[in-house]
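Dear colleague,

I am passing on the structure we spoke about, and below it I have written out what I found when I went through it. Please read the notes with the structure open beside them.

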Amino acid sequence: MANSNAKGDRRERELVNALDEAGFAVMRAPASGSATERELPDVLSGDGETFYAIEAKSSAGDPIYLTGEEVEALLFFARNFGAKPRIGVRFDREDWYFFHPADLHTTDGGNYRVKKEKALSDGTDFDEFVGNSEKVTLDEVGDDGPDQSVLDVLSAFERGDLDKEEAAAMLE
């Protein structure tokens with residue numbers, strides 16, 4: 001019989017390798033989860049400035065659930081270790097997405113849930129997590145339209161006060 005944790009183990013190793021390639025010092029806790037009575041996260045990583053304790057979960061389906069005990073153990077370890085607690089989730093055919101536990105939905109039973117839709121819309125993607133990019137939303141970009149100076153130059157061109165070359169030079 002195949003190891004029921006094989007896919008999860010493979011995903012954790014995939015995350016460790018990706019963090020390593022991104023320049024992080026990283027290790028997979030060899031006895032995380034039910035293999036020990038100690039409360040250990042799945043992955044520890046750091047770049048010399050920021051340190052993370054990561055509980056990694058993957059799923060072919062939707063959603064991903066974590067028990068309240070798993071999240072409390074992560075928070076306890078991270079606080080005592082001096083790391084930032086993160087939940088890393090990966091859905092099939094998607095990248096890793098990261099959340100602070102407080103940003104997850106809490107069920108009536110005290111467990112935590114991440115839907116694929118939430119991961120894709122609100123999660124921190126891998127590139128942002130490792131500092132290679134920064135997410136900018138449409139709301140942050142705004143829709144204030146062009147600057148008034150640009151509109152003035154275009155109006156002057158439209159009226160014939162400027163020729164095309166003069167307008168282009170002013171807009172550079």
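Helix 6 has 12 residues, which at 1.5 Å a residue should span 16 Å, and because its end C-alpha atoms are indeed 16 Å apart, the expected and computed lengths agree. Please keep in mind throughout that this is a predicted model. The helix covers residues 148-159, and the residue that follows helix 6 is G160, which has a positive phi, near 95°.

How do helix 6 and helix 7 pack, and at what angle? Helix 7 takes in residues 164-171, and the two helices meet at an angle of about 175°, with 10 Å between their axes. As angles over 145 degrees count as roughly antiparallel, helix 6 is therefore described as roughly antiparallel to helix 7. On the side of helix 6 the contact is made by V150, V153, L154 and F157, while helix 7 contributes K164, A167, M170 and L171. Sorted by class, the residues of this contact are 7 nonpolar and 1 charged, with no polar residue.

One of these residues, L171, can be followed a little further. L171 lies in helix 7 and, setting aside residues up to four places away in sequence, touches V150, V153 and L154, each of which belongs to the helix 6 side of the contact. The C-alpha atom of L171 is separated by 8.7 Å from that of S149, although the two residues are 22 apart along the chain. Despite these contacts, L171 counts as partly exposed, because its relative accessibility is 40%, and the partly exposed class lies between 20% and 50%.

Elsewhere in the chain, I also looked at T50, which sits in the loop between strand 2 (43-46) and strand 3 (51-59). Is T50 buried or exposed? Its relative accessible area is 18%, so T50 is buried, the cut-off for that class being under 20%. Apart from its neighbours within four places in sequence, T50 is in contact with S45 and K84.

For the chain as a whole, there are 7 helices and 9 strands, and 34% of the 172 residues count as buried. The accessible surface comes to about 11100 Å², with 46% of it belonging to carbon and sulfur atoms. Finally, if one takes the contacts between residues at least 6 apart in sequence, 50% of them join residues at least 24 apart.

With best wishes

Notes: Residues are numbered from 1 along each chain as its sequence is written. This is a predicted model: local features need pLDDT of at least 70, side-chain atom pairs count only at pLDDT 80 or more; totals for chains, interfaces and linings use all residues. Side-chain values use heavy atoms; hydrogens and water are left out. Axes are lines fitted to C-alpha atoms, for helices over the stretch in contact, and angles run from 0 to 180 degrees between N-to-C directions. Helices (H or I, at least four residues) and strands (E, at least two) are DSSP runs, numbered from the N terminus. Angles under 35 degrees count as roughly parallel, over 145 as roughly antiparallel, 65 to 115 as roughly perpendicular and the rest as oblique. Contact means heavy atoms within 4.5 Å. Ala, Val, Leu, Ile, Met, Phe, Trp, Tyr, Cys and Pro count as nonpolar, Asp, Glu, Lys and Arg as charged, and the others, Gly among them, as polar. The expected span of a helix is 1.5 Å times one less than its number of residues. Buried means under 20% relative accessible area, exposed over 50%, partly exposed in between (1.4 Å probe, protein chains only). Accessible areas come from the Shrake-Rupley method with a 1.4 Å probe; for residues, only the protein chains shown count as cover.
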